[in-house]
Amino acid sequence: PTSTARPGAGRRGAEPAQARAEARRRQAGRVAPMAKRSLPSKDVLGLVGKWAELHPWAPAPVLYQRVLYPSLEHAYTAAVAGSGPAADELRAKLAGSSAPAAAQLRQLYPTQHVPVTERVAIMRTCLRDKLMRNAHIKQTLLETEEAAIVHADNACDDFWGQKGSVGSNHLGKLLEALRAEVASGRQVSMWMSSTCKPFPLDAVPRVTLTVRRKGEIIETRTLDALRPFYTIGKFESSDFVLAHPSSSRKHALLAFDRDAPAGLVLIDLASKAGSTVDGVSVRALEPRDVSSGAELAFGQGSSRMYCVEIDQSHVIRALEEKSKRLGTEIATMEKLVDNESALFGLAPGKGVDPEKVSVFVANLPFEAEEEDVKDLLEAYGPVKRVNFLLDKTTNKPRGICFVDFESAEHAHAAVALNGEEFLGRSLRVELAGNKRDAQPTRRFAQ
């Protein structure tokens, strides 16, 4: 048995349009063309009958934050339970063998106040895992073709579904969006973006993989910190190509994850012969922490071992330097505490620039709306308006906006949000210049 690691294989550029992506995959022989089928004659009104498995109550395992729940409803209820001992106890109950029926959860545990964008983001994450973990349900979703999906039944509320013609139908819209995601071939990459948290570039551990065969070193390779994950399988496009007869075409993923103790996890993609870490089998589609010195194996009977070395020394040095800088800044702030304008991060004597009453906010979730941004920044002072920058081609938000405050002091104070996490993304917040680039905007005024 042999395997090879191909540098640069499996790299992707920008996500292509759906039609072009499907055409390329067909040309490469990776998937067969879909048989022509007539579109559903009507919209999917209600997740019942043929579509019942798409319903949140349908029994289908969902993994959220490394805990496996019996249904989408259980996973979502656990995710919005909040924090503290009571919430932890509830999550343990929802994941246990005696968990309440899904139909009872909304009455037993009404949703606490959670921002709209966060609720939708949590449900999207849970739905992605449900489709990834349950291939037959993914196929059911694809069979809706281009039909509109409406979550409509007596149990749904007007946020996730519709009653009559009233309601936001967020669940139906999410299912339509994920249907397009799956059809375009982006399911695995998008599921990984929801499953593993990326590192800041200066904090990614250095990982070296040494391939051994019967103790002899065949190859040594250092993983690129700019790549979120590496593919392992029989496909020639895989980053690590397996040749053993028992291995699968899409066998496993090796991914960076800042929630993992050593920053690295192995995920088996429900391969036919499985994967192991130090001889212990990895559960399908569940991240397994990988530590320095671990040995990975794929398939049954393969003589190849993948030995992992993880170096975090540069990360520790970066953290120490950051701690020193923070200490210096705190000392400076303490000395300038009597100068109110200096508390906004300016040098002594300069004061607050009265012309800078706006901040530039980047790396927002694309679905973020005016109220989400205002709720976040109004803790620093009254917000006059929010201007979202739109993509010139699609006319959709780019995850970037300018926020105007009533005073320069408030704008300077809001810069403290720089680097803070918001809905799973690390924000970039800085004072806006006096001149802005001329770009399409969507303005929300008070």
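## The pair Asp 239 and Arg 227

In this predicted model, the side chains of Asp 239 and Arg 227 come together in a salt bridge, with 2.9 Å from N to O. Asp 239 sits in the loop between strand E8 (229-233) and strand E9 (240-242), while Arg 227 sits in the loop between strand E7 (216-222) and E8, so this pair ties together parts that are 12 residues apart in sequence. Both Asp 239 and Arg 227 are buried.

## Asp 289, Arg 66 and their network

A salt bridge also joins Asp 289 to Arg 66, and here the closest N and O atoms are 2.7 Å apart. The pair links distant parts of the chain, 223 residues apart, since Asp 289 belongs to strand E14 (residues 288-289) and Arg 66 to the loop between strand E3 (59-64) and strand E4 (67-71). Asp 289 is partly exposed, at a relative accessible area of 32%, and Arg 66 likewise counts as partly exposed, at 36% relative accessibility.

These two residues also take part in a network of salt bridges that links Arg 66, Asp 257 and Asp 289.

## The pair Asp 404 and Arg 385

Asp 404 forms a salt bridge with Arg 385, in which the closest N and O atoms are 3.6 Å apart. Asp 404 lies in strand E19 (residues 397-405) and Arg 385 in strand E18 (residues 383-390), and the pair links distant parts of the chain that are 19 residues apart. Asp 404 counts as buried because its relative accessibility, 9%, falls under 20%, whereas Arg 385, with a relative accessible area of 25%, is partly exposed.

## The overall count

The count for the model comes to 14 salt bridges.

How values were computed:
Residues numbered from 1 in each chain as written. Predicted model: local features only at pLDDT ≥ 70, side-chain atom pairs only at ≥ 80, totals over all residues. Heavy atoms only, no water. Salt bridge = Lys/Arg side-chain N within 4 Å of Asp/Glu carboxyl O. Helix = DSSP H or I, 4+ residues; strand = E, 2+ residues; numbered from the N terminus. Buried < 20%, exposed > 50% of the residue type's maximum accessible area, 1.4 Å probe, protein only.
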